[in-house]
Amino acid sequence: MKKQTQLALAIIFLLQACSPKEITFKDAICIENITTIDSKNGIKENQTVILKDGKIFKVIPSGELQLSKNNTIIDGTGKYLIPGLWDAHVHFSYIEELAPRMFDMFLTYGVTSVRDTGGRIDFMKKWKEKSVAQPTTAPRVMISGPLLDGIPNVYDGSSAARPALSIGLNSIEAVAKQIHKLDSIGVDFLKAYEMLTPEQFGTITKLAKEKGLKVTGHIPLSMDVISASNAGLNSLEHMRNLDLSCASNADELLARRRQILLNENDEQGGVLRSRIHNSQRKIALQNYDDDKAKEVLRVLAKNKTWQIPTLALTSNFIEKPFNNSDWKKTFTFLPDSIEQSWKIKITKVNSTKIDSFRNTYVKWSFNMVKKIHQEKIDIMAGTDCPIFFLTPGISLHQELAMLVKAGLSPLEALKTATFNPAKYFNLENELGLIKETMFADLVILDANPLENIHNTKRINAVIKQGKYYSREKLNEIQESLSSNKPL
């Protein structure tokens, strides 16, 4: 009997010695028993994620760590953790009255980083500086400064639809002077636009490379896609003017565009651009050549010219997500004047018949994104919000859904809004994965986004650089927006 008792005591001692000791992490947030999802590690169940000093301190299987009750513990059972989302194409300057609300609108929908693709530099710099000063309450902001355009420039401030987002540059010297100025101010990248000459465009890409800046933009109407990519375009927004280069008569269309760009009637930039688009897009799609498209895409792949398709924008007229109840709710977050204006315009859009060409163009866009993805050209998720009723925040989730509709898997779509933008800005060691030492920009979901990409909207909590926003707190922020009261 004595031996049996000694044996039992020995077993108990061994079990105690082998069981994990309770650990306390001071000033940390501990998320227990959660399923993590990122583009590198896929899906991992029953993980414990420790957040400390604004970063991911530890990621470990929950069974290997016994947390003491002295920790701040969040039960992640049945929930899913993804990296914070990026919207890689936004405009704070498009509706300046809306800009002060955009930070909260992004944050409550899990958008923890944004890439502003054009506007007045003094206005954009203001929001970047605010994001740097308030890293736990504001999304990270990367800015380009104004659109670098030729003469006549498109976004010249001549109407509400064409606010002053661009600078018209009349020479190579003017281009160089503007780039030096933007670089001294501290922009993160440059954006080239459609009315540039080939020589001006070449100057932009050359100087940007010297200064370590990436160049994004639209294909200048004076150029074709292959020439722009070969000249050093790092990324293409909206696939703009890609269609013109995938036609069997692409050379003929380019020659005609260059003739129109002489602008003998002295038209405004926006009017001239629209006239070219209206006269050539339909012809280009009627003459679409799959072999020509393959040639173009192979060059983009070789040159690593990334794509930001903005399918939510392209398909908005057809998909009409703004008629959904969850989208309509976001209109209450807008200033009253904008909310009322959007509602009136949406009524008109809903009563407008969709012409056959719009359907054709949208179908082409989805097919082209599928081909881009098959060519392994990197894609970033961006929306162009707040243009065309694309409410900041929720519209990014629509973009993810449209990318899946175009042929990406849900995990691949998530990658376009998490790891890829971080990689674009050489921040892949700081953001975009659920990995130790990375910034704690994270989103907790109530349902698996890999089963249904729409589950990215089922947000349980948002974490911005270690600060935890519960669903209740996110609701409070949204209610404050709706009531037009400052937080």
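Me: Leaving aside its neighbours within four places in sequence, which residues is L190 in contact with?

Reply: First, a heads-up: this is a predicted model, where local features need pLDDT of at least 70, side-chain atom pairs count only at pLDDT 80 or more, and totals for chains, interfaces and linings use all residues. Residues are numbered from 1 along each chain as its sequence is written, and side-chain values use heavy atoms, with hydrogens and water left out. Contact here means heavy atoms within 4.5 Å. With those neighbours set aside, the partners of L190 are S144, L148, I179, L182, I204, A208, L213, K214, V215 and T216.

Me: L190 is also named in the largest nonpolar core, but which helix gives that core its largest share?

Reply: A nonpolar core is a set of buried Ala, Val, Leu, Ile, Met, Phe, Trp, Tyr and Cys residues joined through side-chain atoms within 4.5 Å. "Buried" means under 20% relative accessible area, "exposed" means over 50%, and "partly exposed" is in between (1.4 Å probe, protein chains only). The largest core has 120 residues, and F92, L190, I204, L242 and M368 have the most contacts inside it. Its largest share is eight residues, and they come from helix 15.

Me: How many residues are in the other core, the one that lies apart from it?

Reply: This second core includes I29, I74, A440 and A461. Its residue count is 17.

Me: How many aromatic pairs does the structure hold?

Reply: Rings of Phe, Tyr and Trp (its six-membered ring) pair if their centres lie within 6.5 Å; planes under 30 degrees apart count as stacked, over 60 as edge-to-face and the rest as tilted. The structure's total of such pairs is 19.

Me: What kind of pair do F25 and F57 make?

Reply: A pair of aromatic rings is described by the distance of the centres and the angle of the planes. For F25 and F57, the centres are 5.9 Å apart and the planes are at 70°, so this pair is edge-to-face.

Me: And how far apart in the chain are F25 and F57?

Reply: Helices (H or I, at least four residues) and strands (E, at least two) are DSSP runs, numbered from the N terminus. F25 is in the loop between strand 1 and strand 2, while F57 is in strand 4. That links distant parts of the chain, with a separation of 32 residues.

Me: Is F57 buried, exposed or partly exposed?

Reply: Its partner F25 has a relative accessible area of 12%, so F25 is buried. F57 comes in at 42%, which means it counts as partly exposed.

Me: What about F322 and F389, how far apart in the chain are they?

Reply: These two form an edge-to-face pair, 5.3 Å centre to centre with 75° between the planes. F322 is in the loop between helix 12 and helix 13, and F389 is in the loop between helix 15 and helix 16. This pair also links distant parts of the chain, and its separation is 67 residues.

Me: Which residues form one aromatic cluster with F322 and F389?

Reply: F322 is buried because its relative accessibility is 1%, and F389 is buried with a relative accessible area of 5%. Joining F322 and F389 in one aromatic cluster are F317, F331, W342 and F388.

Me: What is the phi of F389 near?

Reply: F389 isn't a glycine, yet its phi is positive. The value is near 65°.

Me: Which peptide bond in the loop between helix 15 and helix 16 is cis?

Reply: P386 lies in that loop. The cis bond has omega near 10°, and it runs from C385 to P386.

Me: How many of the twelve residues of helix 16 are buried?

Reply: Those buried residues include I394, H397, E399 and L403. Helix 16 is largely enclosed by the rest of the structure because the buried count is ten.

Me: Which residue follows helix 16 with a positive phi?

Reply: The phi in question is near 125°. The residue is G407.

Me: Is S184 buried or exposed?

Reply: S184 is found in helix 4. Its relative accessible area is 60%, so S184 is exposed.
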